[in-house]
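Thanks for sharing this one. Here are a few notes to read alongside the structure, in no strict order of priority.

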Amino acid sequence: MTHVLILGGTTEARRLAARLAARPGVRVTTSYAGRVSRPGAVAGEMRVGGFGGAEGLAAWLREHRVDALVDATHPFAGAITANAARAAATTGVPAVVLRRPGWRPGPGDRWHDAASLEEAAALLPALGRRVLLTTGRLGLAAFAHVTGVHFVARSVEPPEPPLPPGTEVLLARGPFTEAEETALLQERRIDVVVTKDSGGDATSAKLTAARQLGLPVVIVRRPPLPDGVSAVTDVDGVLDRLGLAAGTVQRRRPLRRRRGPGAADTCP
């Protein structure tokens, strides 16, 4: 029995779990960090909660005889990705990072790149006075000091304080249509949008709506992957990287590291 641990929290993680669970001889466990109270149904087994850092994750991999580790967390879950890379290197468990491609601007887009939420906050006074924040429920403290701006913060669950003074909170779960996003921007008189570069189609309608309305968008770019770690962009890429196209994963062999430009950890 091949045991695959997926660090989940994304649509791609659920798709991968479904593909793996349908394969004879494959056991799949999806782990959620516990930041969302109702993570939703997933194929195979599910666990919720942290591991206790890289060391705790390595111990879990050994104890539960995991044959392959897939980091399919949110692109901004940098600490989890770093811990996964260290745990895989420590235990010799083959590992791969699954990340959907990031967004790229097209004709008519008025995008402003930011390397962090703090940098995004610094850009706002020169861009607008009514801001739609779609950066998730964590990290809004980065905007708490911004004055003269009305914030509309949308998230699935109530955001964690501190929040900017007078913030209007909208609790909603996507995906949203372009028509819905356009209506929201117009009804709230939004003149600038702030979002993280999550990628994918599920949350991209707001970018199209902003383009059609001529609004600037501040895009918080993803943190870099750990040194020596590369990512694949779809479920088929994960199956190919892990050798699961043939139905098996080789156990307990360390990742091979290529040297030189573009070096990346690869599975045996």
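1. Let me begin with a strand pair. Strand β1 (residues 2-7) runs parallel to strand β4 (residues 68-71), and four bridges join the two. Within that pairing, I6 has V70 of β4 as its bridge partner. Please keep in mind that this is a predicted model.

2. The pair belongs to a wider arrangement: an open sheet of six strands with parallel pairing, ordered β3-β2-β1-β4-β5-β12. β3 (45-48) and β12 (231-232) each have a single partner strand and stand at the edges, so one side of each has no neighbour in the sheet.

3. Now for the helices on this sheet. Helix α1 (residues 11-21) packs there and touches β1, β2 (26-32), β4 and β5 (95-98). The direction of α1 makes about 160 degrees with that of β2. Helix α7 (residues 235-242) also packs on the sheet, with β4, β5 and β12 as the strands it touches. For α7, the angle to the direction of β5 is about 170 degrees.

4. A residue I would look at is V26, which lies in strand β2. Is V26 buried or exposed? Its relative accessibility is 9%, and because buried means under 20%, V26 counts as buried. Leaving aside residues up to four places away in sequence, V26 touches M1, T2, V4, L20 and L244. V26 and H3 are 23 residues apart in sequence, with a C-alpha to C-alpha distance of 6.0 Å.

5. Next, a helix pair. Helix α5 (residues 178-187) packs with helix α6 (residues 205-213) at an angle of about 55 degrees, and their axes are 8 Å apart. That angle makes α5 oblique to α6, and the crossing of the two is right-handed.

6. Which residues make the contact between α5 and α6? From α5 come E178, E181, T182, L185 and Q186, and from α6 come A205, K206, T208, A209, A210, Q212 and L213. Sorted by class, this contact has five nonpolar, four polar and three charged residues.

7. Finally, a closer look at α6. The buried residues of α6 are A205, K206, L207, A209 and A210. Their cover includes α5 along with the strands β6 (110-114), β7 (130-134), β8 (150-155), β10 (192-196) and β11 (216-220). Just after α6, G214 has a positive phi of about 75 degrees.

Definitions and conventions: Residues are numbered from 1 along each chain as its sequence is written. This is a predicted model: local features need pLDDT of at least 70, side-chain atom pairs count only at pLDDT 80 or more; totals for chains, interfaces and linings use all residues. Side-chain values use heavy atoms; hydrogens and water are left out. Axes are lines fitted to C-alpha atoms, for helices over the stretch in contact, and angles run from 0 to 180 degrees between N-to-C directions. Angles under 35 degrees count as roughly parallel, over 145 as roughly antiparallel, 65 to 115 as roughly perpendicular and the rest as oblique. A crossing is left-handed if the near helix is turned anticlockwise from the far one by less than a right angle, and right-handed if clockwise. Contact means heavy atoms within 4.5 Å. Ala, Val, Leu, Ile, Met, Phe, Trp, Tyr, Cys and Pro count as nonpolar, Asp, Glu, Lys and Arg as charged, and the others, Gly among them, as polar. Two strands pair if DSSP finds at least two bridges between them. Buried means under 20% relative accessible area, exposed over 50%, partly exposed in between (1.4 Å probe, protein chains only).
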